[in-house]
Amino acid sequence: MKVLVIGTGAREHALCRSLSQDPSVGELHCAPGNAGIARVATLHPVDQLDGAAVTALARQLGADLVVIGPEAPLVAGVAEPLRAAGIPVFGPGKEAAQLEGSKAFAKDVMAAAGVPTARSYVCTTEQEAAAALDAFGAPYVVKDDGLAAGKGVVVTGDRAAALEHAVACGRVVIEEYLDGPEVSLFAITDGTTVLPLVPAQDFKRALDGDQGPNTGGMGAYSPLPWAPEGLVAEVLESVLQPTVDELRHRGTPFSGLLYAGLALTSRGTRVIEFNARFGDPETQVVLARLRTPLAGVLLAAANGTLGGLEPLRWSDEAAVTVVMASEGYPADPRTGDPIAGLDAAEADGTAFVLHAGTRPGPDGEVLTAGGRVLSVTAVGADLAEARAKAYAGVAEISFKGAQHRTDIAAKAAQ
Ligand code: AMP
């Protein structure tokens, strides 16, 4: 199989790493990719938001499958021209991707499908926003309606700050606060059949102890030893399958990766958000545990034949990933600094380094090129071992102003 992956992040590096280990994959390509992906795939400097250019590349390569990693090309409709050209695509079309592209659309689908989520109001004026904030009371949850790379959500006890965010965004969803631990559950779907993956947890805040601003994600682990038994089956029945069925009935079937961000509240499981693609950094740990070769599963989702697949096989091992970010992330990340210790981190096979914001420098060195720079990942017999190995990898790596959380999976590993 010839596979083309679209995207530049550590999620795409994780996808490419798994695809490169699949014996059915003969050629692996990525556009535009990064310095780490270049070691397992051939890179092509194509604009990931340009559907015509991506389709031309896929045609030229004779791709048997295109995997669209990030939300932006999905919401921009890059899957459509590929499908029109008869090329199998992993990832939803523009309409179904609105599940992530618009929080208000997601709320509407959940209401129609009877999926449990936070009560909410869509607000477009300061008066509406103020009324919604007062209806729910503190802590206040204000979400930008559109795509914001995980940074459009403000959760605060400060009413003035909540209102200010609402006014700055224009159109927002204001909702009740959900207490309880969060779980990310991914499912691969062809629009009818839904195959849940193993649950993971990510760490959204920038600093230890869940302090600091929301980020795209600073680390993740799987499995979740504390999660209730039967969680996956419950979420499949009450969330994932009804959502996929609802979108199919609307004539805009969702195929690809449906990501449910869940809160396990005292009143039951609630959806915090949907995403229309693999989550970053949870993908790094989920794929580290997947034993079934990846390409065939993604192709079956693209071709509508998931129902005929054998059940997915998983490793009993634990996986932990720690994100190394640049100075100033998330507000104002510094870039262009050389990264040292990449080989040392992987030297004894303890950890593996997935690249996010990196690019090759003029003299063969690797330079920082974004907010989240690396995702240092390891597997172990249990979370404590995987965690120790991941942090041993992190300790080998340095670049100016590097920052990471020191408490990823710490509580769960105890
Ligand atoms: P989202 O982009 O919707 O996933 O929101 C980002 C983060 O904000 C989530 O992972 C939660 O930590 C937090 N959050 C979002 N919605 C709520 C809510 N209704 N109650 C409490 N926390 C929330």
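1. In this predicted model, Asp337 is found in the loop that runs between strand 18 (318–325) and helix 12 (342–346). Although Asp337 belongs to a loop, Asp337 is buried, with a relative accessible area of 10%, and a residue counts as buried here when that value is under 20%. The side chain of Asp337 also makes a polar contact, at 2.6 Å, with the side chain of Arg334.

2. Arg334 can in turn be compared with Tyr221, since the two residues are 113 residues apart in sequence and their C-alpha atoms are 27 Å apart in space. Tyr221 has its place in strand 15 (residues 219–222), and Tyr221 is buried, with a relative accessible area of 2%.

3. Helix 13 (residues 383–396) offers a check that a student can follow by hand: at 1.5 Å a residue, its 14 residues should span 20 Å, and the C-alpha atoms at its ends are 20 Å apart, which agrees. For this calculation, the expected span is 1.5 Å times one less than the number of residues.

4. Which residues of helix 13 are buried? They are Leu383, Ala386, Arg387, Ala390, Tyr391, Gly393 and Val394. When one looks down the axis of helix 13, these buried residues fall within an arc of 150°, so they line one face of the helix. The general background is that an α-helix has 3.6 residues a turn, so residues three or four places apart point the same way.

5. The ligand has 14 residues around it, and of these Glu175, Glu176, Leu178, Glu182 and Glu273 come nearest. By residue type, the shell around the ligand divides into six nonpolar, one polar and seven charged residues.

6. Several atom pairs show how the protein meets the ligand. A polar side-chain atom of Lys143 lies 3.0 Å from an oxygen atom of the ligand, while the side chain of Glu273 has an N or O atom that is 2.7 Å from an oxygen atom of the ligand. Leu178 takes part through its backbone, where an N or O atom lies 2.7 Å from a nitrogen atom of the ligand.

7. How much of the ligand's accessible area does the protein cover? On its own the ligand has 470 Å² of accessible area, and the protein covers 92% of that area. The elements that give two or more residues to the shell around the ligand are strand 7 (140–144), strand 8 (153–156) and strand 17 (268–275).

Notes. Residues numbered from 1 in each chain as written. Predicted model: local features only at pLDDT ≥ 70, side-chain atom pairs only at ≥ 80, totals over all residues. Heavy atoms only, no water. Near = heavy atom within 4 Å. Polar contact = N/O pair within 3.5 Å; in protein donor to acceptor, adjacent residues only side chain to side chain. Areas by Shrake-Rupley, 256 points an atom, 1.4 Å probe, with all protein chains shown as cover. Helix = DSSP H or I, 4+ residues; strand = E, 2+ residues; numbered from the N terminus. Nonpolar A, V, L, I, M, F, W, Y, C, P; charged D, E, K, R; others polar. Buried < 20%, exposed > 50% of the residue type's maximum accessible area, 1.4 Å probe, protein only. Arc of directions from axis to C-beta.
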